[in-house]
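Please look over the structure below before reading on. The numbered points that follow cover its cores, its hairpin and its sheet.

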Amino acid sequence: MPYQSNGILWGITDSCLYDNMKTVVIGQDDRGQAIWNERFARFAAHHGFILRRCKPYRARTKGKVENGVGYIRKNFWPRIQTFTGLNDLNQQVRHWLDTVANVRIHGTTHEMPLMRLQKETLKTPNPTPYEYVERHIRKVSNDSLVSYQGNRYSVPFQYIGHLVQVQDDKNGVLRFYHDYSLIAEHVKISVAKYQVALNKKHFEGIRKTNGQMVPQPIPRLVSNSTPEVIQRSLSVYDALTDEEEVKLQ
């Protein structure tokens, strides 16, 4: 993980290893390669570190990280009697780091973590803060449009009736997501209201019935021709019922 203090990154490793949580990995392709969460991948690209993931169902991959979680549970939390809010809790964490965790002799390195950290050759992070952009949930209408701030934008028709997320990048671009996957982009309409932005590719493969857009029927996978049927005498089947051996011609 990038090292962080008071919400400001002050050092980054070349690569960061993550578990297979959906906020980082949304799946894998046919070759077994990770499909990264697009939003998190942009964060990594912004600060210049490489994403790596653990092998699924292999707990040993980052067991030392899990040990760190256990250390916090057993050493930090028992010291906390009360806290008034997140800011107060963060201050208590900072005090614990400065007086306990970072000045102890580490069991593996046999050094103080604070001294060890000074030897790390961390990269300088991007001086421009990564802007966290909120996403707004919308339902795709029957005409495959999503309403946002008085205007409507098309998305692929397969998402009709589904909930999607609208991300306003504050740079004139709107991004539309479904289950962490980017499904559409539009230039934001800012000069007027009640306008519609359409992408013709979003409507390929659909037709209209009574004014409603519906998907094209799936092509039949079998031939419409009548299969050839072998005609036999009924005596053949009579013989079979008598358990006689009959050679079918």
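1. In this predicted model, the largest nonpolar core has 13 residues. Those touching the most other members are Val-146, Tyr-153, Val-155, Val-166, Leu-174, Phe-176 and Ile-183. At least two residues of this core come from each of strand 8 (145-148), strand 10 (163-168), strand 11 (173-178) and strand 12 (181-187). A second core, separate from this one, has 9 residues, including Ile-12, Val-24, Phe-40 and Ala-44.

2. Which residues does Val-146 touch, leaving aside those up to four places away in sequence? They are Arg-138, Val-140, Asn-151, Arg-152, Tyr-153, Val-155, Val-164, Val-166 and Phe-176.

3. Strand 8 runs antiparallel to strand 9 (residues 151-154), and 4 bridges join the two. Leu-145 has Ser-154 in strand 9 as its bridge partner. The two strands, 8 and 9, make a hairpin with 2 residues between them. In the turn, Gln-149 has a positive phi of about 50 degrees.

4. Four strands form an open sheet in the order 7-10-11-12, with antiparallel pairing. Strand 7 (135-139) and strand 12 each have a single partner strand, so these edge strands are each left with one side lacking a neighbour in the sheet. On average, neighbouring strands of the sheet are turned by 30 degrees against each other, direction ignored.

5. Between strand 11 and strand 12 there are 6 bridges, in the antiparallel sense. Tyr-177 has Leu-182 in strand 12 as its bridge partner. Helix 1 (residues 38-47) packs on the sheet and touches strand 7, strand 10 and strand 11. The direction of helix 1 makes about 130 degrees with that of strand 11.

Definitions and conventions:
Residues are numbered from 1 along each chain as its sequence is written. This is a predicted model: local features need pLDDT of at least 70, side-chain atom pairs count only at pLDDT 80 or more; totals for chains, interfaces and linings use all residues. Side-chain values use heavy atoms; hydrogens and water are left out. A nonpolar core is a set of buried Ala, Val, Leu, Ile, Met, Phe, Trp, Tyr and Cys residues joined through side-chain atoms within 4.5 Å. Buried means under 20% relative accessible area, exposed over 50%, partly exposed in between (1.4 Å probe, protein chains only). Contact means heavy atoms within 4.5 Å. Two strands pair if DSSP finds at least two bridges between them. Axes are lines fitted to C-alpha atoms, for helices over the stretch in contact, and angles run from 0 to 180 degrees between N-to-C directions.
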